[in-house]
Amino acid sequence: MFKTILFATTATEACDHSARTAFQIAKQYDAELTMLHILGVPSRGYSQMVRDVKTGEAVNVDNEYRAWVVEEMKTYYAHQLESYGRVKLDVIEGHPHREILRYLRKKPVDLAMLGGPTGGEDDSVYKKVVAGSTMHRVAKHAPCPILFVARQAASFWGGISNIVFVTDFSRASDAAFEYAARMAGSVSGELHLFHVVDISSMQGGMVMEQELIEARLREARSQIRRHYVKKLGAFRDYSVDVWEGLPYVEIVKFAREKQADLLIMAHSTREKDPESVRLDSNMEQVIMRANCPVLSVNRPQPI
Amino acid sequence: MPEGKFCNKVPVNTEEELKALLGDTGGKQYYEEMKHLDVDRDKLWATIQNTCKSRIRTWLEICAHCGMCADSCFLYLINDCDPVQVPAYKIQSTLGEIIRRKGDVDNAFMRKTMEVAWAKCTCCNRCGMYCPHGIDMGIMFGYLRGLLYGQGFVPWELKIGAGMHRVYRAQMDVTQEDWVETCEWMAEEWEEDYPGLTIPVDKPDADIMYTCNAREVKHYPEDLAEAAVLFHLAGENWTVPSEGWEETSLCMFAGDWEACKMQVLHVYDAMDRLKPKRMVGTECGHAHRATVIEGPYWAGRDDGQPPVECLHYVEWVAEALREGKLKIDPAKRIKEPVTLQDSCNYIRNQGLKEVTREIMSYMVEPGYFVEMNPNGEHNYCCGGGGGFNGIGLFRPQRNKALITKRDQILNTGAKLVIAPCHNCWDAIRDLEEEYKIGIRWSFLKPLLIDMVIVPDHLKPKD
């Protein structure tokens, strides 16, 4: 299923959980793993300087500097690189989200992985310019599935036997469903189809009648059956669940209850300003909280 | 030593030479070689005799040394009113001196002159407004830069920049294939949210031919996508040329007159080939100055005008909002204190201040727009104009120069600065990085995308 994998990394602690998973998947599928580091954000107009994302210093990037950064990466991942050889390392400069997307367009892969967010550090070079939003922007536009591993608890990629697919019934969710169904079939695992009726407006004083909530729960279950279950054909190891609540909380709880190995969902927000959706973004919250890897699929994937 | 390997009087004309020069990290060898570069005095004096026309000779002659230009110069003010920063002194002690000595100057003089020309003047032309005789030091420094470039005394980055234009006809290494591919990429990426969105390449007889800045293509192509979305929503019949799409001119900053002509002719050729009704350029000040205001003269056009009517992006935005092609959702107007950076190159030098204020009146909830002081044609340079932003050698001087703009912004109390100019946008970003005053900065396009009403027939059907 995964012959080529791109792992975009800052080569810092923030990416350790993703790195562990990236190597696990690569080994399991004997995939070619490319580790890409966006080494600096251009910060001086047309000058040759970039601000190094690790050191925070303004540097003149040349081949020597790039080679030095590659060596740093090799040192940081020395242990993993010893255990698996089909790995290429690459460094480029630019705005992270854009360069990752450009890379994916030029060199398509079966799966891309992003390290954890760097936004927590006050002096993070990424933070104010493009930063914490890299995850959002890449997830929205990537042509391939993107796997996020934000927590140590989520970084154990063993046998996949429980997949949770979360839908908001968008077109992007259809693509995520197709991928989830294919994956469940290929690993002979269970597929849990899940939707959350969002009642978070109640916190703002908008009281919903229980009858209305229950009607929505019924409608969503019916919609899952109409829309997805009939496409599963002979596949029988599935379940359908609809809960009410704050979506990301319920998704994380559901995944925990089902002992999910993988959460698959679409990142379908239409909000243009990544900064303004950051806190509200369901997916980002799920990624940050789930105790399994989260796979974002937004568009149909070739078989 | 007469000519260095990197620092010499020969412009960069091939990709190989360009890569070699880029390989000299930070221009270390380049600047070392510059210390030994000979001045070709005969050539320098001959060039002056052929090119220094009556306007500049008169200006140098009639300067009364009254010093009224001093307070107009933000570099004079920010450097503790150092007399060597008085504009009249700066030009008289450099260009004036070269002419008085009939070109008989040495290496040390030329290197000192290079510093004055690129680190003590941003060619913002503000002094010209305050001189009782209308003497414009910015114009003269532009001319002086040409003399220096011809002798090889030019900052490393600008020799590279001018070389980029000579090799790629763009300020960065963006080839025609890269450009067309980026157009396709952005149209594909954004079409999902804006069904029917295209970036038409080489469409003849369009109403608008759009030109942009290679940095957008190279580093943040979203800007191109946003331009496409706004043209799409406004229902414009528009196109981009496959060649001649780069509006900027680092050669103008460098003083490479030959490359200036090459670059602007490339854009004019696209106009002749595609015959658009008008050209609209991106949110860039110097690009507009180069292609629309100075360019016709470089190209030797008798009427002093480009081949077709040319608009700065702010003019198109104001027109689209005025005529209702773009409509702003009143609920999404900016409702926080916001200020506007006036770009020297199209506000002071082309008088578009009313146009940008008109845009603010549509985009900002009444009561929230705060003018900088001074503003409009009196506004100070962002601190990074004229090439200052890009020159590593003069970074400390540039960072000090940013303090003027920093304090102007702080005095408005606004946390959002709209800067419809690449150089200004960069300078304001850098001043935040340097001084951390807690501001945000933006071009017009992303703000407009967030607040324009998408007509029902252009909304995605999901």
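This is a walk through a predicted model, from the contact of two helices in different chains to its empty spaces and a few individual residues.

Let's begin where chain A and chain B come together through a pair of helices. Helix 4 of chain A, residues 96-106, and helix 11 of chain B, residues 176-191, have axes that come within 12 Å and cross at roughly 105°. Because of that angle, helix 4 of chain A counts as roughly perpendicular to helix 11 of chain B. Which residues do the meeting here, in helix 4 of chain A and helix 11 of chain B? From chain A they are Arg98(A), Leu101(A), Arg102(A) and Arg105(A), and from chain B they are Glu181(B), Glu184(B), Trp185(B), Met186(B), Glu188(B) and Glu189(B). Sorted by class, the residues of this contact are three nonpolar and seven charged, with no polar ones.

These two helices also turn up in the second largest pocket, which holds about 1,200 Å³ of space. Its lining consists of 46 residues, and those closest to the centre are Arg66(A), Glu93(A), Asp173(B), Lys218(B) and His219(B). Chain A contributes at least two lining residues from each of strand 3 (49-52), helix 2 (63-76), strand 5 (87-93) and helix 4, while in chain B helix 1 (15-23), helix 10 (156-168), helix 11 and helix 12 (214-218) each do likewise. Helix 10 of chain B gives the most to this lining, with six residues. The classes in the pocket lining are 19 nonpolar, twelve polar and 15 charged residues.

Now for the enclosed spaces. Searching the whole structure turns up seven cavities of 30 Å³ or more. The second largest cavity contains about 120 Å³ of space. Which residues lie nearest the centre of this cavity? They are Cys73(B), Cys121(B), Thr122(B), Cys124(B) and Cys127(B), out of 17 lining residues. In chain B, helix 5 (74-78), helix 6 (87-100), helix 8 (126-130) and helix 9 (137-150) are the elements that give two or more residues to the lining. The largest share, three residues, comes from helix 9 of chain B. By class, the cavity lining has ten nonpolar, four polar and three charged residues.

Cys124(B) leads us on to Arg348(B), which sits in helix 18 (residues 344-348) of chain B. Is Arg348(B) buried or exposed? Its relative accessible area is 11%, so Arg348(B) is buried. Setting aside neighbours within four places in sequence, Arg348(B) is in contact with Cys124(B), Asn125(B), Arg126(B), Met129(B), Ser343(B), Glu377(B), His378(B), Asn379(B) and Cys381(B).

A few backbone details round off the tour. The peptide bond from Asn373(B) to Pro374(B) is cis, with omega near -5°, and Pro374(B) lies in the loop between helix 19 (353-363) and helix 20 (395-412) of chain B. Gln259(A) is not a glycine, yet has a positive phi of about 50°. You will find Gln259(A) in the loop between helix 9 (247-257) and strand 11 (262-265) of chain A; its relative accessible area is 62%, so Gln259(A) is exposed. Asp80(B), again not a glycine, has a positive phi of about 55°. Asp80(B) lies in the loop between helix 5 and helix 6 of chain B, and its 65% relative accessibility means that Asp80(B) counts as exposed.

Methods
Residues are numbered from 1 along each chain as its sequence is written. Chains are lettered from A and ligands numbered from 1 in the order in which they are written. This is a predicted model: local features need pLDDT of at least 70, side-chain atom pairs count only at pLDDT 80 or more; totals for chains, interfaces and linings use all residues. Side-chain values use heavy atoms; hydrogens and water are left out. On a 1 Å grid over the protein atoms alone, a cavity is a set of points where a 1.4 Å probe fits but cannot get out, and a pocket is an open set with protein on both sides within 12 Å along at least five of seven lines; lining residues have an atom within 4 Å of a point. Grid points are joined across faces, edges and corners, and a volume is the space filled by probe spheres set on the points. Helices (H or I, at least four residues) and strands (E, at least two) are DSSP runs, numbered from the N terminus. Ala, Val, Leu, Ile, Met, Phe, Trp, Tyr, Cys and Pro count as nonpolar, Asp, Glu, Lys and Arg as charged, and the others, Gly among them, as polar. Axes are lines fitted to C-alpha atoms, for helices over the stretch in contact, and angles run from 0 to 180 degrees between N-to-C directions. Angles under 35 degrees count as roughly parallel, over 145 as roughly antiparallel, 65 to 115 as roughly perpendicular and the rest as oblique. Contact means heavy atoms within 4.5 Å. Buried means under 20% relative accessible area, exposed over 50%, partly exposed in between (1.4 Å probe, protein chains only).
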